[in-house]
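Please open the model in your viewer and keep the sequence panel beside it, so that each residue can be selected as it is named. The tour goes from one selection to the next and says what is found at each stop.

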Amino acid sequence: AYLAGGPTRLLDTQVAALLDSGHLRWDESARALRLVRQDGLSGLGAQIARAVAVNGTPAKLEHSLRLSLDTPRKALIQRQLWLDDAARAQARWQLALLPALLCAFGLAKIAIGLARDKPIGFISLMTAVVAIYALVQLASPPTRTRRGDQVLLSLKLRHARAQRAPLAGELPLAVALVGTSVLGGTAYAAY
């Protein structure tokens, strides 16, 4: 789950498992999770149940569990499936370098066009698009390694049916691979 969407996806997957097992229920009027029972829970599931007992709103839940939700990241980094902070920073700049150079070239062409009194509308528009793309690359660096992308793709291919139409017990797997959009046709759609 963490590989597919980070700590938020991990929390959503665990909550889906707890909803599916009847440990939690969604209270639509309060827009919060409610603890039904706590028996048989351990690890992150037990931590989520304790946090829900205090405050079951999704935003508060993620905030109160952020340290526990970040634990799998270290294991994924060790398995070379997730980028550490230094590698993310390096990837950020590497991915933004080519568009930034292209943007600089566009700005030079705009300056030349202005000096020669030529039309610059199209090159200005394209330079602005490339500049926006470069800023997006800087703002959202990749999190997975290539190997992590391959593993995730392999899992998605192996569990393609569960992503489209999860059977009983497969709901957490579907949420892990696709996200909470898979809850749309279930009793947990409001979550």
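Select G185, which is exposed, with a relative accessible area of 80%; here exposed means over 50% relative accessible area, buried means under 20%, and partly exposed lies in between, with a 1.4 Å probe and protein chains only. This glycine, G185, is found in the segment after helix 10, a helix that covers residues 171–178. Helices (H or I, at least four residues) and strands (E, at least two) are DSSP runs, numbered from the N terminus. If you now add P7 to the selection, you have two residues 178 apart along the chain, and the C-alpha atoms of G185 and P7 are separated by 24 Å.

Before going on, please note that this is a predicted model, in which local features need pLDDT of at least 70 and side-chain atom pairs count only at pLDDT 80 or more, while totals for chains, interfaces and linings use all residues. Residues are numbered from 1 along each chain as its sequence is written, and side-chain values use heavy atoms, with hydrogens and water left out.

Next, select L171, which lies in helix 10. Is L171 buried or exposed? L171 is buried, with a relative accessible area of 5%. Leaving aside its neighbours within four places in sequence, L171 is in contact (heavy atoms within 4.5 Å) with D20, P166, V182, L183, T186 and Y188. Show A17 as well: although A17 and L171 are 154 residues apart along the chain, their C-alpha atoms are separated by 7.1 Å.

Now zoom out to the whole protein, which has 10 helices and 2 strands. Read along the sequence, these elements follow the pattern α-β-β-α-α-α-α-α-α-α-α-α. The C-alpha trace spans about 75 × 40 × 35 Å along its principal axes. The radius of gyration, taken over C-alpha atoms, is 22 Å, whereas a compact globule of 191 residues would have a value near 16 Å; the globule rule is 2.2 Å times the number of residues to the power 0.38. Of the 191 residues, 34% count as buried. Among the contacts with a separation of 6 or more, 54% come from residues 24 or more positions apart.

Go back to single residues and select R31, in the loop between strand 1 (24–27) and strand 2 (32–35). R31 counts as partly exposed, at 46% relative accessibility, and R31 has a positive phi of about 50° although it is not a glycine. Most residues other than glycine have a negative phi. A positive phi of about 60° is also found at Q80, again not a glycine; Q80 sits in the loop between helix 5 and helix 6 and is exposed, with a relative accessible area of 54%.

From Q80, move to R73, which lies in helix 5 (residues 71–78). At 18% relative accessibility, R73 counts as buried. Not counting residues up to four places away in sequence, R73 touches Y2, W82, L83 and D85.

Keep W82 and L83 shown and select T145, which, under the same exclusion of residues up to four places away, touches Q80, L81, W82 and L83. T145 is found in the loop between helix 7 and helix 8 (146–158) and is buried, with a relative accessible area of 16%. A polar atom of the side chain of T145 lies 3.0 Å from the backbone nitrogen of G148.

Which residues line the largest pocket? Select L83, A87, A91, Q94, L95, P142, R144, T145 and R146 together. A pocket is an open set of points on a 1 Å grid over the protein atoms alone, where a 1.4 Å probe fits, with protein on both sides within 12 Å along at least five of seven lines, and lining residues have an atom within 4 Å of a point. The largest share of this lining, 4 residues, comes from helix 6 (residues 85–115). The volume of the largest pocket is about 170 Å³, where a volume is the space filled by probe spheres set on the points.

As a last stop, select A128 in helix 7 (residues 121–139). A128 is partly exposed, with a relative accessible area of 36%. Add C103, which is 25 residues from A128 in sequence and 7.7 Å from it in space, C-alpha to C-alpha.

Terms used: A polar contact is a pair of N or O atoms within 3.5 Å; within protein, one must be able to donate a hydrogen and the other to accept it, and residues adjacent in sequence count only if both atoms are side-chain atoms.
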